[in-house]
Amino acid sequence: MIGRRQPQRSLFEAQAWPHRVPADSFYARLGAVIEQLFRDDDLAEMYCPDNGRPSLPPSLMSGILLLQFYDDVSDAEAVARLAFDLRWKVALTLTLDFDPPHPTSLSVFRARLLEHGQERYAFNRLLAVGRAAGFLPETVTLLLDTTPQWGAGAVQDTYTLIRKGIRRVLKAAGYAAPVKRRGLAANLAAYLESDRKADIDWHDPAARAAQLKVLVTEAHAALDLARAESDNAEVRTAGWLLTKILGDDVVTDEGGDPQIGRGVAPDRIVSLTDPELRHGHKTEARHFDGRKVQVAVDAASELLLAVEPLSANRSDGADLLEIVGTVEAQADVTVAQVIADTSYGTADNRVACAARGIELVAPLPDGSDPAVAKAAFRLDLTTPSATCPAGHTTTTAHSARDPQGRPVLRFHFPRAVCEACPLFTRCVHSQTEGRTLTTHYHEAVLQAARERQATPEFQALYRQRAAVERKIADLMDHGLRRARYLGRLKVRLQNYWTGAVVNLKRLFRLFQADAPRRRQVLAAMTGT
């Protein structure tokens, strides 16, 4: 049953006594609005209405969770601060003798939020305040960028992934039960009894190769057992994970022996602790294991509109329309313009945005060597012809297909002409042909975009993107760089409650010179 905050005031409240918490601090400002910001009735659906022991008030738990992400502390440390930190008592309007809950109460409350789809509760509540105050307009310019987020799961090598994958399959199939284990081969039963690496010389390549052969053989034996339990969803999931690990990481050599494959599979699993983690690259020099976080900011108010987790191996702009749809649905706004970096400015994204009436402001990449990049060539799609940076023109073009099967043109420059050019070694990488140049299916769109990005208007618009970089830095200050939890849903909760902290700080600044307006907006939202 839902517990509620008592309206009765107490002489023991921290705010009733002289204290040294600065009035302009986050804690004091939160204390002035906490009772109107979070209401017990907002989350009443998460509790039984008429049965059971009263819970801790959800409004109080929401405030505790917000402070936990503000200070970036663990559950145990959050409870300790409830007991001993005067700043937290002031922020939550608690009494000096408040008896804090057990740390598990916080994990239970987060589980309730996830179960009832309320992981964005605080975030949406603050966006509603921004709308009611007039800070957040109905039509917005969206500033977009992503940032890496290290995962909480242990990153594991191929040997560990296979070993733990076998163990997971056997446990999912019920072989941990003594009755069923008795019929299991001794070599497979060992995976249930111990989860330690094999006692071999791991510096010896021959020993590693022999161990890999054992692991692969026993993995296939475990998968054969799992097929008999294919009606069990947990077994199917465990079997799929192990099969994917074998397919991504292991190849067979000419002698039929398994070997660790060279390179990294595009969607390779890196952890069985959190199978959703992936290898990611924010740049060629910076790699990480975890997720990306898609950050969306309203240019006018500088309020966060989305802090969405993405797969680490996805390109930044691959989910552009999805994040626009999320913002419009959750924040109740219309996106008229998107400002983002080059990874978002693909021709396909530009066409898709134009179809929805959205202006995409994003520069096109210049290439690693701008002097000989595709942008340095003049393309005439009507003739058709292509002119290189040295002034040579070719009309030799052949029809081709892009990876999506769409028609494109491929221009060919004569080898003899290219060899006589001073840019030859930089421009041509083929050993037998001259420079080739392939158009895009939406090449005209790219040409128009490149012309526009040279204008002062574009440069002025693009400078606004700096605001999203500041917001990302603010999110990192409150612990977003590393995930606290396992699984996308729990990480999403962390992202949005951290985003709520950043938005509340921004609202405090927006209301700073107009306290009466703040009181009026909050009173209207709560009906008080």
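**Exercise 1. Place Asp72 in the chain and describe its backbone and exposure.**

Solution. Asp72 sits in the loop between α2 (58-71) and α3 (75-84). Helices here are DSSP runs of H or I with at least four residues, strands are runs of E with at least two, and both are numbered from the N terminus. Next, take the backbone: phi of Asp72 is near 55°, a positive value in a residue other than glycine. Last, take the surface. Asp72 counts as partly exposed because its relative accessibility is 38%. The cut-offs for relative accessible area are under 20% for buried, over 50% for exposed and in between for partly exposed (1.4 Å probe, protein chains only).

A note on the model: it is predicted, so local features need pLDDT of at least 70, side-chain atom pairs count only at pLDDT 80 or more, and totals for chains, interfaces and linings use all residues. Residues are numbered from 1 along each chain as its sequence is written, and side-chain values use heavy atoms, leaving out hydrogens and water.

**Exercise 2. Do the steps again for Thr93.**

Solution. Thr93 lies in the loop between α4 (86-91) and α5 (104-115). Its phi is positive, about 50°, although Thr93 is not a glycine. Thr93 is buried because its relative accessible area is 8%.

**Exercise 3. Find Asn349 and list what it touches.**

Solution. Start with the helix: Asn349 belongs to α13 (residues 347-355). Asn349 counts as buried because its relative accessibility is 12%. Now look for contacts (heavy atoms within 4.5 Å). Leaving out residues up to four places away in sequence, Asn349 touches Gly317, Leu320, Tyr344 and Leu360.
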